[in-house]
Amino acid sequence: MSYLRFEKAVMTNLEESLRRELLRTNRSGAYSASTLVDCNTRKYHGLLVVPVPELDDENHVLLSSLDCTVIQHGAEFNLGLHKYQGNNYSPKGHKYIREFSCDVVPTTIYRVGGVVLKRETIFQAYEDRILIRYTLEDAHSATTLRFRPFLAFRSVRQFTHENSTASREFHPVDNGIKTCMYAGYPDLYMQFSKKNEFVFQPDWYRGVEYPKEQERGYASNEDLYVPGYFEMSIKKGESIVFSGSTKSIKSSGLKALFQKEMNLRLSRDSFFHCLVAAAHQFHNRKPNDDRYLLAGYPWFKARARDTFISLPGLTLSIGERDYFELVMKTAEKGLREFMDDKPLSVKIYEVEHPDVPLWAIWAIQQYVKDAGKEQGYKMYGKLVKDIVKYILTDGHPNLRLDENGLIYANGRDKAVTWMNSTANGRPVVPRSGYIVEFNALWYNALKFCASLEAEFGDKKFAEKLEQQAEVCKTSFVDTFMNEYGYLLDYVDGTMMDWSVRPNMIFPVAFDYSPLNQEQKKSVLDVCTRELLTPKGLRSLSPKSGGYNPMYVGPQTQRDYAYHQGTAWPWLGGFYIEACLKLYKRTRLSFLERHMVGYEDEMNYHALGTISELFDGNPPFHGRGAMAFAMNVAEILRSVKLLEKYTYQK
């Protein structure tokens, strides 16, 4: 039986099927996304969504959807589905769905009377091209298929509406047409593997509505342009392949291309294989061969902190050390340019945040565990040393090393930590001063660098770092450990944040910690009691002031909830690591049961991947972006850690 499979009862129930999304990506940052019943519910949804660097730094929806109509004996059965204003759904093609599965590729089986039609979808790995294969599995009489493309040609952050500027021009190409609605956009090529007739019948479909945008308090409707329709006959047992792309293709090769792409796909036949496939979705390659990890889909770009936190889980945990090295090569270039105060030549955002270099060291530390100390030092020893020296000499514009050995960052006016939500131009959580995870990272970096230098490099420098770490350790405990057995979140002069937050899990999880065993256990116990959920750690304890666990409503309301009680799976990865370090195999069964909460997500929200965040209260609904790199990465790293302890003798 398929791992990801849904029967007719689920597919025809829109309350169930519309909340489940499907995402397919390529290596350029382009993607295809919709719901399981192909009814777009976000402005970010579309059959072909591609970057258009000539226009801006955003993705653009070119082809919104493709409606297929089955025609027999003059009767038409439209398999499409769109939501229009007034809660109207049309043409209600979901009622013909018999089943859906996506173990290898998303596959929908439609039954219309005696007709059984299979639809399989693939997004080409290294081209901005969507491929759809239609196979007539059964039919008792002559059958015709009609395809009606819905075009948008707009940024994912905007809407399109009926206008006189849009070009209606189209040009015949090999078994299809090409068209472009606006200047500056690439041509959209729509081609079939079989000869067909294109009927030019231009029209605007008005009032298409996106409920996910309504939920967020945004404008939520647009008009889509349909230039006409393609029509062709199909015989029982025959397959027809559709290609939607920014490039022309020889139509006679479409069937072979589809099969070739299908053979390259991993089977999503288990929790782990779903996560591996999800990890590959974040891979991003630029024309100059720089490699990146996108922070998430559909709206995130490559962000520096997310890159370093995600990198070990998305690569090392699945045996892909070579991709770690490729991404780190690009990221190191950006880090060095920032540290040398040069303009960035790489497309990595938020490199200026003060904890970014320290997360880079943490990522390298994971590489060393995987590749060995000697190889790690050879590859990244100089970078680690240069970062530590950069901080020791106060090179960072917003990171000051004080005499007490702690590092200080100003986050009062601008968010500088991962808790980065803002409202009215100000941080919702203004974490500033001595920030707990910054200083845990700093202590860890000092000890790690010292261990590398002591073995392979400058032993005197290693001794200096050990002394610096001792000063940091004493001050860390004096500054953050409180009488209630947990760590303050940040301290800025007389301002001490007593909120119970998950940032205190990091010094328990890191290889080098300023805390002793008793202190670690105390902190972990508080995290378990007040922060742990089936979907990771809450960003704030229910017992703390301002607890707001439901990420719903208009954007401003969501901004205030973003880090005030919502749950984050990536934090759960560090919680699992902390548990294993402290309790070894005695907590294995507890942690394995905890992982079930993540496996449940394979069938909800975006299939086979993990949402950005979850409500902090039951039933812990997934919210935000469809897929989030740090979450997938840390769950993968947790799987590997659990395996390591499971098979230890």
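The lining of the second largest cavity divides by class into 6 nonpolar, 2 polar and 3 charged residues. The model is a predicted one. About 100 Å³ of space lies in this second largest cavity. Its lining is made up of Val37, Asp38, Ser65, Leu66, Asp67, Cys68, Leu79, Gly80, Tyr110, Arg119 and Tyr134. Strand S5 gives the largest share of that lining, 4 residues.

## Cavities

The structure holds 7 cavities of 30 Å³ or more. The largest cavity has about 230 Å³ of space. It is lined by 19 residues. Nearest its centre lie Ser32, Ser34, Asp38, Leu47 and Arg119. Asp38 and Arg119 also line the second largest cavity.

Which strands each supply at least two residues of the lining of the largest cavity? They are S2 (21-25), S3 (31-35), S4 (46-51), S5 (59-72) and S11 (115-123). The largest share, 4 residues, comes from S3. By class, the lining of the largest cavity has 7 nonpolar, 9 polar and 3 charged residues.

## Pockets

The largest pocket holds about 950 Å³ of space. Of its 40 lining residues, the closest to its centre are Ser28, Gly29, Pro51, Pro53 and Lys286. Elements that give two or more residues to this lining are S4, strand S20 (283-285) and strand S22 (296-297). S4 also supplies at least two residues to the lining of the largest cavity. The lining of the largest pocket divides into 18 nonpolar, 9 polar and 13 charged residues.

The second largest pocket has a volume of about 640 Å³. It is lined by 25 residues. Arg157, Trp299, Phe300, Arg303 and Tyr562 lie nearest its centre. By class, this lining has 8 nonpolar, 6 polar and 11 charged residues.

## Salt bridges

The structure holds 46 salt bridges. Three of them are listed here.

| Pair | N to O distance |
|---|---|
| Glu76 and Arg146 | 3.1 Å |
| Asp289 and Arg291 | 3.3 Å |
| Arg305 and Asp355 | 2.8 Å |

Start with the side chains of Glu76 and Arg146, which meet in a salt bridge. This pair links distant parts of the chain. Glu76 is in strand S6 (residues 75-78) and Arg146 in strand S13 (residues 143-155), 70 residues apart. Arg146 has a relative accessible area of 12%, so it counts as buried; the cut-off is under 20%.

Asp289 and Arg291 also join their side chains in a salt bridge. Are these two residues buried or partly exposed? Asp289 is partly exposed, with a relative accessible area of 43%. Arg291, at 15%, is buried.

The side chains of Arg305 and Asp355 form a further salt bridge. Why does this pair tie together separate parts of the chain? Arg305 lies in helix H6 (residues 304-315), while Asp355 sits in the loop between helix H7 (321-339) and helix H8 (356-371), so the linked parts are 50 residues apart in sequence. Both Arg305 and Asp355 are buried.

Salt bridges also form a network. Its members are Lys369, Asp511, Glu577, Lys581, Glu634 and Arg637.

## Aromatic pairs and charges over rings

The structure holds 40 aromatic pairs. One of them is Tyr551 with Tyr562. This pair is tilted, with 5.6 Å centre to centre and 40° between the planes. Tyr551 is in the loop between strand S31 (536-538) and helix H14 (555-561), and Tyr562 is in the loop between H14 and strand S32 (567-568). The two are 11 residues apart. Both Tyr551 and Tyr562 are buried.

Trp568 and Phe628 pair edge-to-face, because their planes stand at 65°; the class needs an angle over 60 degrees. Their ring centres are 6.0 Å apart. Trp568 lies in strand S32 and Phe628 in strand S35 (residues 627-628), 60 residues apart, so this pair too links distant parts of the chain. Trp568 and Phe628 are both buried.

Charged side chains sit over ring faces as well. Arg558 lies over the face of Tyr551, at 5.2 Å from the ring centre. Arg587 lies over the face of Tyr583, at 3.9 Å from the ring centre.

Tyr562 recurs in this picture. It pairs with Tyr551, and it is among the residues nearest the centre of the second largest pocket.

Notes. Residues numbered from 1 in each chain as written. Predicted model: local features only at pLDDT ≥ 70, side-chain atom pairs only at ≥ 80, totals over all residues. Heavy atoms only, no water. Salt bridge = Lys/Arg side-chain N within 4 Å of Asp/Glu carboxyl O. Buried < 20%, exposed > 50% of the residue type's maximum accessible area, 1.4 Å probe, protein only. Phe/Tyr/Trp six-rings, centres within 6.5 Å; stacked < 30°, edge-to-face > 60°. Lys NZ or Arg CZ within 6 Å of the ring centre and 35° of its normal. 1 Å grid on protein atoms, 1.4 Å probe; cavity = no way out; pocket = protein on both sides within 12 Å on 5 of 7 lines; lining within 4 Å. Points joined across faces, edges and corners; volume = space filled by probe spheres on them. Nonpolar A, V, L, I, M, F, W, Y, C, P; charged D, E, K, R; others polar.
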